[in-house]
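Here are a few notes to read alongside the model. Have the viewer open as you go through the points.

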Amino acid sequence: MDNHNTVAPTGGGHGTVTSYIVGFILSVVLTVAAFYIVMNHSLSPEATGGALGILAVIQIFVQVVFFLHVSAAPEKRWDLITLLSAAFVVIVICFGTLFVMSNASYHMMSR
Amino acid sequence: MTTQDATMTNDTAHDHGDHGDLSVFGFWVYLMTDCIVFGCLFTSFAVLRHQFAGGPTAQSVFELNGVAIETALLLISSLTYGFAMLQARKKNKGAVMGWLVITALLGAGFLYYEIEEFCHLVSVGAAPNVSAFWSAFFTLVSTHGLHVTLGIIWMIVLMIQMSSKGLTSRMITRLTCLSLFWHFLDVVWICVFSFVYLLSMV
């Protein structure tokens with residue numbers, strides 16, 4: 001019984017003021033960096049695209065950890081498993097579609 | 001022994017009032033399916049991102065200043081909702097109300113800038129029926145905007161319920177579900193400003 005009650009009673013995870021502020025500052029830095037490289041044309045177009053992707057993935061990770069409180073803790077395991085399976089489905093849909101459609105437009109010479 | 005265990009778990013669940021843990025997890029599973037909805041919308045946008053059909057191009061009509069303001073409003077509202085949840089766990093009803101009002105106002109500010117941007121785009125000829133790019137753009141971005149609208153309405157409903165019923169454990173479960181929803185919308189917005197607005201300007 002005791003053991004049961006020590007598990008987070010309302011779920012959803014518990015942040016602290018510090019964890020929210022750390023997550024917020026990291027997000028601000030990553031967002032400003034993304035806008036900066038685009039507005040100042042400081043990189044080549046290909047490098048800018050790659051950098052935007054990397055910055056976005058890092059910021060998603062930061063917000064999932066600091067705001068959504070997903071972790072590998074035992075009481076959070078199913079949150080993590082459902083998140084990873086949804087991410088897997090999204091990646092298959094996205095890259096699968098882009099692969100098929102780029103091949104289609106290449107072979108039909110529509111581009 | 002096993003039946004005893006079963007009744008014990010049942011009792012614990014009833015102690016928590018309304019299966020709060022399970023409600024939050026159920027809502028989380030819904031959010032993951034919503035994630036797949038947005039994944040499909042982003043994919044169709046990615047496929048159609050060069051199809052302007054002779055209409056206005058993204059580069060010629062997007063204004064990044066407005067997008068930066070929208071991003072800031074949504075990110076700050078995520079932080080203020082986090083503060084509301086911290087106060088909710090301390091059972092500090094007045095402070096929860098205050099942070100929720102600030103969060104709802106920031107969300108409304110986001111919507112104001114988004115609607116203003118849509119009006120500007122339509123006025124310069126970038127309407128949803130002009131080309132595949134603008135159809136995909138308006139479908140994706142306004143789906144996110146509709147989610148934000150529903151989030152604000154939900155927030156107002158919870159504030160009304162909280163003022164009459166107080167911060168019960170059931171209320172904290174509902175606030176927790178909305179917190180996941182609100183933070184999730186900020187995560188989706190990261191992809192919107194990175195892959196829709198900024199990448200189109202490269």
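1. One term to settle before the helix below: the bend at a residue is the angle between two fitted axes, one for the seven residues ending there and one for the seven starting there. Also keep in mind that this is a predicted model.

2. With that in hand, look at H7(B): this helix bends by about 25 degrees at B:Val192. Helix H7 of chain B covers residues 169–201, which is 33 residues. From first C-alpha to last, H7 of chain B reaches 47 Å, close to the 48 Å expected at 1.5 Å a residue.

3. Is H7(B) mostly covered or mostly bare? Mostly covered: 29 of the 33 residues in H7(B) are buried.

4. Over to chain A, which has four helices and zero strands. Reading from the N terminus, the order of elements is α-α-α-α. For contacts in chain A with a separation of 6 or more, 56% are between residues 24 or more positions apart.

5. How much of chain A is buried? Of its 111 residues, 35% are. The accessible surface of chain A is about 6900 Å², and carbon and sulfur atoms account for 75% of that.

6. On that chain, have a look at the nonpolar surface patch of about 330 Å² made by A:Val17, A:Ile21, A:Ile25 and A:Val29. One of these, A:Val17, sits in helix H2 of chain A (residues 17–39). A:Val17 counts as partly exposed because its relative accessibility is 43%, and partly exposed covers the range between under 20% (buried) and over 50% (exposed).

Note on methods:
Residues are numbered from 1 along each chain as its sequence is written. Chains are lettered from A and ligands numbered from 1 in the order in which they are written. This is a predicted model: local features need pLDDT of at least 70, side-chain atom pairs count only at pLDDT 80 or more; totals for chains, interfaces and linings use all residues. Side-chain values use heavy atoms; hydrogens and water are left out. Helices (H or I, at least four residues) and strands (E, at least two) are DSSP runs, numbered from the N terminus. The expected span of a helix is 1.5 Å times one less than its number of residues. Buried means under 20% relative accessible area, exposed over 50%, partly exposed in between (1.4 Å probe, protein chains only). Patches are made of residues with over 30% relative accessible area and no salt bridge: like charges are joined within 9 Å, nonpolar side chains (Val, Leu, Ile, Met, Phe, Trp, Tyr) within 5 Å. Accessible areas come from the Shrake-Rupley method with a 1.4 Å probe; for residues, only the protein chains shown count as cover. A salt bridge is a side-chain nitrogen of Lys or Arg within 4 Å of a carboxyl oxygen of Asp or Glu. Contact means heavy atoms within 4.5 Å.
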